Amino acid sequence: MESLSNKKKQLVIKPPNFWERAYLPAIVHGLSITMSHFFKKPVTIQYPDEKREFSENYRGLHSLKRDENGAERCTACGLCALSCPAEAITMIAAERQKGEEHLYREEKYAAVYEINMLRCIFCGLCEEACPKEAIYLDGDIVQSDYLRKDFIYGKDKLVEPPLNQ
Amino acid sequence: MESLTHTIQAVPLNHYILLSAIIFSIGVMGVLLRRNAIVIFMSVELMLNSANLLLTAFSVYRGDAAGQVFVFFIMALAAAEVAVGLAIIVMIYRNTNSIDINVLNRLKW
Amino acid sequence: MELADIAIKFGLIIIIFLISLVVAMYSTYAERKIAAFFQDRVGPNRAGPFGILQPLADGAKMFMKEEIIPTNATPFLFIVGPSLAILTACIGSAVIPWGQNLVVGGRTIPLQVTDINVGILYIFGVVSLGVYGVMIGGWASNNKYSLLGAIRAASQNISYEISMGLSIIALLMVTGTLSLGEIAQQQHGWHWNVLYQPVGFLLFMICAFAETNRTPFDLPECETELVGGYHTEYSSMKLGFYLFAEYINMFISSAVMATLYWGGYNYPGMDWVTAHTGPAIGPLIGTAVFFAKIFLFIFFFMWVRWTIPRFRYDQLMDLGWKILIPLAIANIVVTGIVITFFS
Amino acid sequence: MSTFYFIAFLSIFFSILVISAKNPVHSILYLILTFFTFTIQYILMNAQFLAIVNFIVYMGAILVLFLYTLMLINLNKESEPVKPFMVKIAAVFGGGILAVALISSLKSLGVSDPVVLKNPELGLVKNLGKVLFNEFLLPFEVSSVLLLSAMVGAVLLATKDPKEPKATI
């Protein structure tokens, strides 16, 4: 059958001549190729010591943001948990008491906010769902650990450190 | 190495012959005792080697290099023998699935 | 023989053993580092500056590992195997001339343990014994992969010994002596044997690769086909012995190649240097040159390892029997004709 | 002097082990040791060339071939059925008779002269080579033909018959 694109090339394999069958030139060529790599700069990086820069829209570890006064933005509306396709986010809401205005921005806040990092697929839908701009995936790579329960990150790991410190 | 060889040379020729005779007899016993063709073959090698040792001793005793040259020939012969003999043993094993020489007493198939 | 001579000889033996062990140790480091460079990586760099303590860490790890002897193995032979491998690897260094005679305080110290006049044959015999370590270990493990590795090692070594011997015969026709010390002396200045025996050198080198089980010919232990080959069942320091024996073999065969074909401790302008530095320092410079050549060969071994892929088994046998042996015989014939008619 | 007797004892000891070891692989390993003692004997007689050739040819090639074949065939331990007890007795008796006959005939000769190395150059390569290539040139060439024919014969014997592909090993 005729080929449709006419791009097919007929390959003719010639039997190798004596010089080619001796394989020595091929071996020397191969040796020269590896030797050229010997002097090249290593493409690897020393990971824990030096880190490669992430791209702008890289989605890493979550962080719960604070506002300009240092109060937590999250109001425990639950939209992020709702939007999460992996169901990695759970939270328990609580009411703000008197004298806690500097800690929480609105009257309702998340007393418990947990993300299971083993479930999370880092899709970024929670970031988009959040009406208060409280959660961003702007962190680092999730650290390795030994136990499954240690991958459930609570507020202690997620909330941004206070501003003036 | 020379100083080593000068010190030990006081062994009577008889004892070399004795050693070779004993090892030769052990080789004969091996041939008679065992049924594994390869072990029998090895006993034959043992006998050949005792002859080699004796030839070398004679050569040194007489101060004549011909004995050692003969040992060289025996080694060439042994190499040839082993090559052919082991090929035969492998062939026998392929045909009978055993290298027991008692299976071979018929010599016809 | 005086006591002082014996002491010097003893010291020389100790030093050579130490050097070959240290070189083998750092060959493992060099192998990893050079492999990394060839693959655009960095290589071990955690233990000490540039990872220079890595061999010590490896050795410590080997010692700490659990010693396992499989239930169905033959325990005695299982231990004899690696011991034999490292023994045969070590004793090859006895006849290699490491340098010219050193004159210190009016005493002449030969930098060669013993100059027996069948030196090459001795090396050859030691190399041919090396296969026993592999075979005994592979058989005693009572494992099919080990046994296959052992059988491969045996047939490979026997096949390549033939062409190795034939290539040496052509060299002996040129040099006219079997003593390594004399061969090294004859190549004074620029008269290196590789200029007279290039084909012989090529054959010898290929066979050296095969005899040391280095990469294009590492079929006895090829991990992609045979798990680990003859040392599948080995662990701890016994495995370490096998790996170590390979590197010592590589060191010794590099030294033999440098002695037989690349002039040993000779280098151009040697007389001038020796006359200016005196008889105590001059030979040591020669020894340093010799070691530089050895390291170049070791580097070449590693370079080839990361360039040429492993042979298939039938290709290996074809190369040995159908190409190398006829080539070696042709080399002998041509050498004989040249010697008869042109000298 | 006592070195000889020690080594001789070792050779006899190991050669007895060769024929009495149950496992054929063990008996090959004992044979290697026996040949090694022979090599030492050659060195003691200053037959350097023979010592090295014994090393290379016997220990390095022939016994490796034996070991190779044995591993290739891969016999189980029980595959060698023992001979009847009477046959064993008869074999040992026959071998013993031979040894006794040889030894007693040797005894009647009386003590001979010690083996003294008159010419220390005797076993060196140079000397042997001269003898080999002058007096024994024809046998040498004939032995090369022997080796060649043995090689061809071995290859011919061991290759599988192409008409019978069912041969298995």
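## Exercises on cavities and an interface

In this predicted model, the second largest cavity holds about 80 Å³ of space. Let's work outward from there.

**Exercise 1. Find which residues lie closest to the centre of the second largest cavity, and describe its lining.**

Step 1: Of the 14 residues that line this cavity, Cys74(A), Cys80(A), Tyr113(A), Cys130(A) and Ala134(A) are the closest to its centre.
Step 2: Sort the lining by class: ten residues are nonpolar, two are polar and two are charged.

**Exercise 2. Describe the largest cavity: what is its volume, and which element gives the largest share of its lining?**

Step 1: The volume of the largest cavity is about 430 Å³.
Step 2: The lining has 30 residues, and those closest to the centre are Val127(C), Gly130(C), Glu211(C), Thr212(C) and Asn249(C).
Step 3: Several helices of chain C give two or more residues each, including α3 (75-91), α5 (144-175) and α10 (236-260). The largest share, eight residues, is from α4(C).
Step 4: By class, this lining has 19 nonpolar, eight polar and three charged residues.

**Exercise 3. Work out how chain B and chain D meet: how many residues does each bring to the contact?**

Step 1: Chain B brings 76 residues and chain D brings 84.
Step 2: Together they bury about 7800 Å², with 76% of that area from carbon and sulfur atoms.
Step 3: On the chain B side, Met42(B), Met75(B) and Arg94(B) supply 9% of the area buried by that chain, more than any other three residues.
Step 4: Now look for links across the interface: there are zero salt bridges and two residue pairs in polar contact.
Step 5: Finally, α4(B) gives the most to the side of chain B touching chain D, with 23 residues.

Methods: Residues are numbered from 1 along each chain as its sequence is written. Chains are lettered from A and ligands numbered from 1 in the order in which they are written. This is a predicted model: local features need pLDDT of at least 70, side-chain atom pairs count only at pLDDT 80 or more; totals for chains, interfaces and linings use all residues. Side-chain values use heavy atoms; hydrogens and water are left out. On a 1 Å grid over the protein atoms alone, a cavity is a set of points where a 1.4 Å probe fits but cannot get out, and a pocket is an open set with protein on both sides within 12 Å along at least five of seven lines; lining residues have an atom within 4 Å of a point. Grid points are joined across faces, edges and corners, and a volume is the space filled by probe spheres set on the points. Helices (H or I, at least four residues) and strands (E, at least two) are DSSP runs, numbered from the N terminus. Ala, Val, Leu, Ile, Met, Phe, Trp, Tyr, Cys and Pro count as nonpolar, Asp, Glu, Lys and Arg as charged, and the others, Gly among them, as polar. Contact means heavy atoms within 4.5 Å. Buried area is the accessible area (1.4 Å probe) that two parts lose on being put together, summed over both. A salt bridge is a side-chain nitrogen of Lys or Arg within 4 Å of a carboxyl oxygen of Asp or Glu. A polar contact is a pair of N or O atoms within 3.5 Å; within protein, one must be able to donate a hydrogen and the other to accept it, and residues adjacent in sequence count only if both atoms are side-chain atoms.
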